[in-house]
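Please walk me through this model in the viewer, one selection at a time. I would like to know what to pick at each stop and what is found there.

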Amino acid sequence: MSAHTRQFEQHGQEPAGAGVYRTPPGQYGPALPAHPVQPPVPMAPPAPAYSSFVAVSRPAASGTVIVIAWILALCSMLYLLPWAVAATRNKSGEIAIFLINFFLGWTVIGWFVALIMACCPEPQTPVVVINHVPPPQPYYR
């Protein structure tokens, strides 16, 4: 203890900057460092080694359109059957099939053309898969 601190303790005063109670060293465990060491902060988990995106199918057909197509096909005595089949199979040319069926179906040949279009399989498109390998990133800062 310095002479300056002893002088204030004798007169019952605290030295400048005091006011915080200090425990005697070693009484409650080891003294804490001036700046506590903080553990590393985890970042986001590492990205997977390969990330890829493949889109090969069309969105699902609307149930409402399918129901309306079949109700109209039955009410029109199967005149709109090609359109109902196309809607059920979720064909990519569903609108074209409906237009051919509606405007040319009365010629019977137009009806069969629309039915064949509705029953033919979809053409297969080639699928390209691109894998992206992200650079390695540290997990901790």
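**Stop 1: a tryptophan and its surroundings**

Select tryptophan 111 and show what surrounds it: leaving aside neighbours within four places in sequence, Trp111 is in contact with Leu78, Tyr79, Leu81, Pro82, Asn101, Leu104 and Gly105. Bear in mind throughout that this is a predicted model.

**Stop 2: the nonpolar cores**

Keep Trp111 selected and add Leu81, Val85, Ala86, Ile97, Ala114, Leu115 and Ala118; these eight residues make up the largest nonpolar core. Colour α3 (81–88) and α5 (109–119), the elements that each give two or more residues to this core. The largest share, four residues, is from α5. Another core, of six residues, lies apart from this one, and Ala69, Trp83, Ala84 and Ala87 are among its members. As background, nonpolar side chains in soluble globular proteins tend to be buried together.

**Stop 3: the two sides of α4**

Now select helix α4, residues 94–104. Which residues of α4 are buried? They are Glu94, Ile97 and Asn101. Turn the view to look down the axis of α4: its buried residues fall within an arc of 65°, so they line one face of the helix. In general, an α-helix has 3.6 residues a turn, so residues three or four places apart point the same way. To see what covers the buried residues of α4, show α2 (63–75), α3 and α5, which are included in that cover.

Rotate to the face of α4 turned away from the buried side, where the exposed residues Ile95 and Phe103 sit. Isoleucine 95 has a relative accessible area of 64% and counts as exposed because the cut-off for that class is over 50%. Add Leu99, Phe102 and Leu104 to the selection: together with Ile95 and Phe103 they make a nonpolar surface patch of about 530 Å².

**Stop 4: the salt bridge**

How many salt bridges are there? The count comes to one. Select lysine 91 and glutamate 122, which form a salt bridge with their closest N and O atoms 3.8 Å apart. Lysine 91 is in the loop between α3 and α4, and glutamate 122 is in the segment after α5, so the pair ties together parts 31 residues apart in sequence.

Switch on a surface and compare the partners. Lysine 91 is buried, with a relative accessible area of 6%, whereas glutamate 122 is partly exposed, at 30% relative accessibility.

Methods: Residues are numbered from 1 along each chain as its sequence is written. This is a predicted model: local features need pLDDT of at least 70, side-chain atom pairs count only at pLDDT 80 or more; totals for chains, interfaces and linings use all residues. Side-chain values use heavy atoms; hydrogens and water are left out. A nonpolar core is a set of buried Ala, Val, Leu, Ile, Met, Phe, Trp, Tyr and Cys residues joined through side-chain atoms within 4.5 Å. Buried means under 20% relative accessible area, exposed over 50%, partly exposed in between (1.4 Å probe, protein chains only). Contact means heavy atoms within 4.5 Å. Patches are made of residues with over 30% relative accessible area and no salt bridge: like charges are joined within 9 Å, nonpolar side chains (Val, Leu, Ile, Met, Phe, Trp, Tyr) within 5 Å. Accessible areas come from the Shrake-Rupley method with a 1.4 Å probe; for residues, only the protein chains shown count as cover. A salt bridge is a side-chain nitrogen of Lys or Arg within 4 Å of a carboxyl oxygen of Asp or Glu. The arc is that of the directions from the helix axis to the C-beta atoms.
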